[in-house]
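The exercises below are meant to be worked with the sequence and the 3D structure at hand. Each consists of a task followed by a solution in steps.

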Amino acid sequence: MTYEAFVRLVERLWEEIPPEFKRELQGVHVFPEARPEPGLPGVWRLGEYLDPGPPSALGGFEGLGRHIALYYGSFRAVAGPGFDWEREVWETLLHELRHHLESLAGRDDLVREDLRRLDAFRRGGPPGEEG
């Protein structure tokens, strides 16, 4: 899949999400590069939710707002034969959107779940393993 086709796919799927779920979200941004997962060689971050928090915490980045970022290069890095681009993009968008909704609700359940999975992965277990 080309970068341009990936952007069109993201735009189409983004339009399917009802506006009430995108409240206070500046948008979704597609970056051409891959984003490695820090400390995990060969593991790629497909997307992330960017919430700058209170402007004072970032030293004056007022108006930056909340965003979802998707990394085309990361999708390319993990895509193999039979890779379902639409399903993977949709799942990633929904995952990052859940981060956004939890942030609005003052929750961090998914953040904690993601951290547990990364910790299990670093220890060599399956991503869903806890312990």
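**Exercise 1. Aromatic pairs**

Count the aromatic pairs in this predicted model, then classify the pair formed by the rings of Phe83 and Trp85.

Solution. Counting ring pairs whose centres lie within 6.5 Å gives 8 aromatic pairs. For Phe83 and Trp85, the ring centres are 5.0 Å apart and the planes stand at 85°; because planes over 60 degrees apart count as edge-to-face, the pair is edge-to-face. The next step is to follow the ring pairs outward, and they link Tyr3, Phe6, Tyr72, Phe75, Phe83 and Trp85 into a cluster. Within this cluster, Phe83 and Trp85 are both buried.

**Exercise 2. A charged residue beside the cluster**

Decide whether Glu88 is buried or exposed, and find its contacts beyond four places in sequence.

Solution. Glu88 belongs to helix H3. Its relative accessibility is 18%, and since buried means under 20%, Glu88 counts as buried. Once the neighbours within four places in sequence are set aside, Glu88 is in contact with Phe75 and Phe83, two residues that are named among the members of the aromatic cluster.

**Exercise 3. The sheet and the helices across it**

Establish the strand order of the sheet, identify its edge strands, and state which strands H1 and H3 lie across.

Solution. The sheet is open and has 3 strands in the order E1-E3-E2, with mixed pairing. Strand E1 (25-31) and strand E2 (47-50) are the edge strands, each pairing on one side only, and the twist from one strand to the next averages 15°. E1 pairs with strand E3 (residues 66-71) in the parallel sense over 6 bridges, and Val30 stands opposite Leu70 in E3. Turning to the helices, helix H1 (residues 3-15) lies across E1 and E3 and runs at about 155° to E1, whereas H3 lies across E1, E2 and E3 and runs at about 160° to E3.

**Exercise 4. A loop residue**

Locate Ile17, decide whether it is buried or exposed, and list its contacts beyond four places in sequence.

Solution. Ile17 lies in the loop that falls between H1 and E1. With a relative accessibility of 4%, Ile17 counts as buried. Its contacts, leaving aside neighbours within four places in sequence, are Lys22, Trp90 and Leu97. As a further check on distance, the C-alpha atoms of Ile17 and Leu93 are separated by 9.6 Å, although the two residues are 76 apart along the chain.

**Exercise 5. The packing of H3 and H4**

Describe how H3 and helix H4 (residues 109-122) cross, and work out the make-up of their contact.

Solution. Two packed helices are described by the angle and the distance between their axes. The axes of H3 and H4 come within 8 Å and cross at roughly 130°, which makes H3 oblique to H4. His95, Arg98, His99 and Glu102 form the H3 side of the contact, and Asp109, Leu110, Val111, Glu113 and Asp114 form the H4 side. Sorted by type, the residues of this contact divide into 2 nonpolar, 2 polar and 5 charged.

One of these residues, Glu102 of H3, can be examined further. Helix H3 spans residues 85-104 and includes Glu102, which counts as buried at 12% relative accessibility. Beyond its neighbours within four places in sequence, Glu102 is in contact with Arg107, Asp108, Asp109, Leu110 and Val111; among them, Asp109, Leu110 and Val111 belong to the H4 side of the helix contact.

Definitions and conventions: Residues are numbered from 1 along each chain as its sequence is written. This is a predicted model: local features need pLDDT of at least 70, side-chain atom pairs count only at pLDDT 80 or more; totals for chains, interfaces and linings use all residues. Side-chain values use heavy atoms; hydrogens and water are left out. Helices (H or I, at least four residues) and strands (E, at least two) are DSSP runs, numbered from the N terminus. Buried means under 20% relative accessible area, exposed over 50%, partly exposed in between (1.4 Å probe, protein chains only). Contact means heavy atoms within 4.5 Å. Two strands pair if DSSP finds at least two bridges between them. Axes are lines fitted to C-alpha atoms, for helices over the stretch in contact, and angles run from 0 to 180 degrees between N-to-C directions. Rings of Phe, Tyr and Trp (its six-membered ring) pair if their centres lie within 6.5 Å; planes under 30 degrees apart count as stacked, over 60 as edge-to-face and the rest as tilted. Angles under 35 degrees count as roughly parallel, over 145 as roughly antiparallel, 65 to 115 as roughly perpendicular and the rest as oblique. Ala, Val, Leu, Ile, Met, Phe, Trp, Tyr, Cys and Pro count as nonpolar, Asp, Glu, Lys and Arg as charged, and the others, Gly among them, as polar.
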